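Hi,

Here is the structure I said I would pass on. Have a look at it first, and then read my notes below.

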Amino acid sequence: MVSLFYPRICSGCDSHLTQSEQNLCIECLHRLPKTYYWDYDINPVEKLFWGRLPVSSACAFLHYQTGSMVQQLMHRFKYKGKKNIGLELGIRFGVILKEKKWFSDIDIIIPIPLHATKKARRGYNQSALIAEGLAEVFDVPSRNDVLKRVVASDTQTRKSRFDRSQNILNVFKVIKPEVIRGKKVLIVDDVVTTGSTLEEAGKALFEGDVSRLYIATLATA
């Protein structure tokens with residue numbers, strides 16, 4: 001009766017989930033467009049930050065394209081309250097990264113923060129949920145109280161590369177430098193496009209005296 005009135009639906013294809021499936025059915029999990037960047041010597045996400053930010057390594061889990069299943073998943077995750085999508089995909093990403101020995105020496109995970117007004121409107125920070133999934137696998141803390149977005153910048157969607165970089169200038173501040181001083185930090189975001197947001201957040205973290213910085217994103221566009 002419960003499943004009749006509250007059916008468990010796959011977030012990728014809207015089919016009914018079996019008892020063993022969580023947010024995505026087995027078929028949709030198989031169809032996820034993985035980047036396989038963890039098998040590259042140098043991958044495109046790392047190249048984004050060359051000459052911009054001294055990142056030790058960076059990786060993305062999925063390819064993001066307009067009209068794709070990944071776009072639908074991200075939309076439901078960010079705007080429709082489907083928080084468990086981010087948590088599950090974060091865990092699955094983390095399992096691969098750990099098997100491939102990526103980010104093996106990290107001390108702490110920090111998600112890209114939302115401004116307080118946007119977080120209040122949405123109810124949660126999607127990057128923090130991805131970070132929680134990764135933290136569960138790596139068995140390190142995920143901290144949401146270290147990096148703060150002090151300026152409510154406009155959405156980056158549909159902005160040019162130049163406009164994205166200008167829109168995000170000086171919006172982040174480390175408010176608890178003692179937590180990250182001398183630490184190896186993995187910073188997490190949902191989607192990387194030009195890398196402007198992660199670049200500015202990374203600069204703030206280096207000002208907080210981190211010893212090494214890594215980047216992980218759920219998708220790359």
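I'll start with strand 2, where Ile108 and Ile110 point one way, Ile109 and Pro111 point the other way, and all of them are buried. Before I go on, please keep in mind that this is a predicted model.

**The sheet**

Strand 2 pairs with strand 5 in the parallel sense, over four bridges. If you want a spot to click on, proline 111 sits opposite valine 188 of strand 5.

Zooming out, the strands form an open sheet of four, in the order 1-6-5-2, with parallel pairing. Which strands stand at the edges? Strand 1 (57-63) and strand 2 (108-111) do; each has a single partner strand, so one side of each has no neighbour in the sheet. On average, neighbouring strands here are turned by 20 degrees against each other, direction ignored.

Moving inwards, strand 5 (residues 184-192) and strand 6 (residues 212-220) pair in the parallel sense over eight bridges. Within that pairing, isoleucine 187 stands opposite isoleucine 215 of strand 6. Two helices to look at next both pack on this sheet. Helix 7 touches strand 2, strand 5 and strand 6, and its direction makes about 130 degrees with that of strand 5. Helix 10 (residues 196-207) also packs on the sheet, touching strand 2, strand 5 and strand 6, with its direction at about 165 degrees to that of strand 5.

On to strand 1, which pairs with strand 6 in the parallel sense over six bridges. There, alanine 60 has threonine 217 of strand 6 as its bridge partner.

How much of strand 6 is buried? Eight of its nine residues are, so strand 6 is largely enclosed by the rest of the structure. Threonine 220 belongs to strand 6, and with a relative accessible area of 11% this threonine falls under the 20% cut-off for buried. Leaving out residues up to four places away in sequence, threonine 220 touches Thr35, Tyr37, Val45, Ala60, Leu62, His63, Tyr64 and Val192.

**Helix packing**

Now for helix 5 (residues 83-99), for which I have two packing partners to show you. One is helix 7 (residues 126-138): the two pack at an angle of about 40 degrees, and their axes are 7 Å apart. Helix 5 passes helix 7 in a right-handed crossing. On the helix 5 side, the residues in the contact are Lys83, Gly86, Leu87, Gly90, Ile91, Phe93, Gly94, Val95, Leu97 and Lys98, and they meet Leu129, Ile130, Glu132, Gly133, Leu134, Glu136, Val137 and Phe138 of helix 7. Sorted by class, that contact has 10 nonpolar, four polar and four charged residues.

The other partner is helix 4 (residues 69-79), which packs against helix 5 at an angle of about 120 degrees, with the axes 6 Å apart. Helix 4 and helix 5 are therefore oblique to each other. Here Leu73, Arg76 and Phe77 of helix 4 meet Lys83, Ile85 and Gly86 of helix 5. This contact has three nonpolar, one polar and two charged residues.

**A few loop residues**

What is unusual enough to click on in the loops? I picked two backbone angles and one aspartate.

Tyrosine 36 has a phi near 60 degrees, a positive value in a residue other than glycine. You will find tyrosine 36 in the loop between helix 2 and helix 3 (44-48), and this tyrosine is partly exposed, with a relative accessible area of 44%.

Lysine 101 also has a positive phi, near 65 degrees, again in a residue other than glycine. Lysine 101 lies in the loop between helix 5 and strand 2 and counts as exposed, at 67% relative accessibility.

Finally, aspartate 14 is in the loop between helix 1 (2-5) and helix 2 (26-31). Is aspartate 14 buried, exposed or partly exposed? Partly exposed, with a relative accessible area of 41%. Setting aside neighbours within four places in sequence, aspartate 14 is in contact with Ile9 and Arg76. Arg76 is one of the helix 4 residues that meet helix 5. As for valine 146, 132 residues away from aspartate 14 along the chain, the two C-alpha atoms are separated by 37 Å.

That's what I have.

Cheers

Terms used
Residues numbered from 1 in each chain as written. Predicted model: local features only at pLDDT ≥ 70, side-chain atom pairs only at ≥ 80, totals over all residues. Heavy atoms only, no water. Axes fitted to C-alpha atoms, helices over the stretch in contact; angles between N-to-C directions. Left-handed = near helix turned anticlockwise from the far one by under 90°. Contact = heavy atoms within 4.5 Å. Nonpolar A, V, L, I, M, F, W, Y, C, P; charged D, E, K, R; others polar. Parallel < 35°, antiparallel > 145°, perpendicular 65-115°, else oblique. Pairing = 2+ DSSP bridges. Buried < 20%, exposed > 50% of the residue type's maximum accessible area, 1.4 Å probe, protein only.
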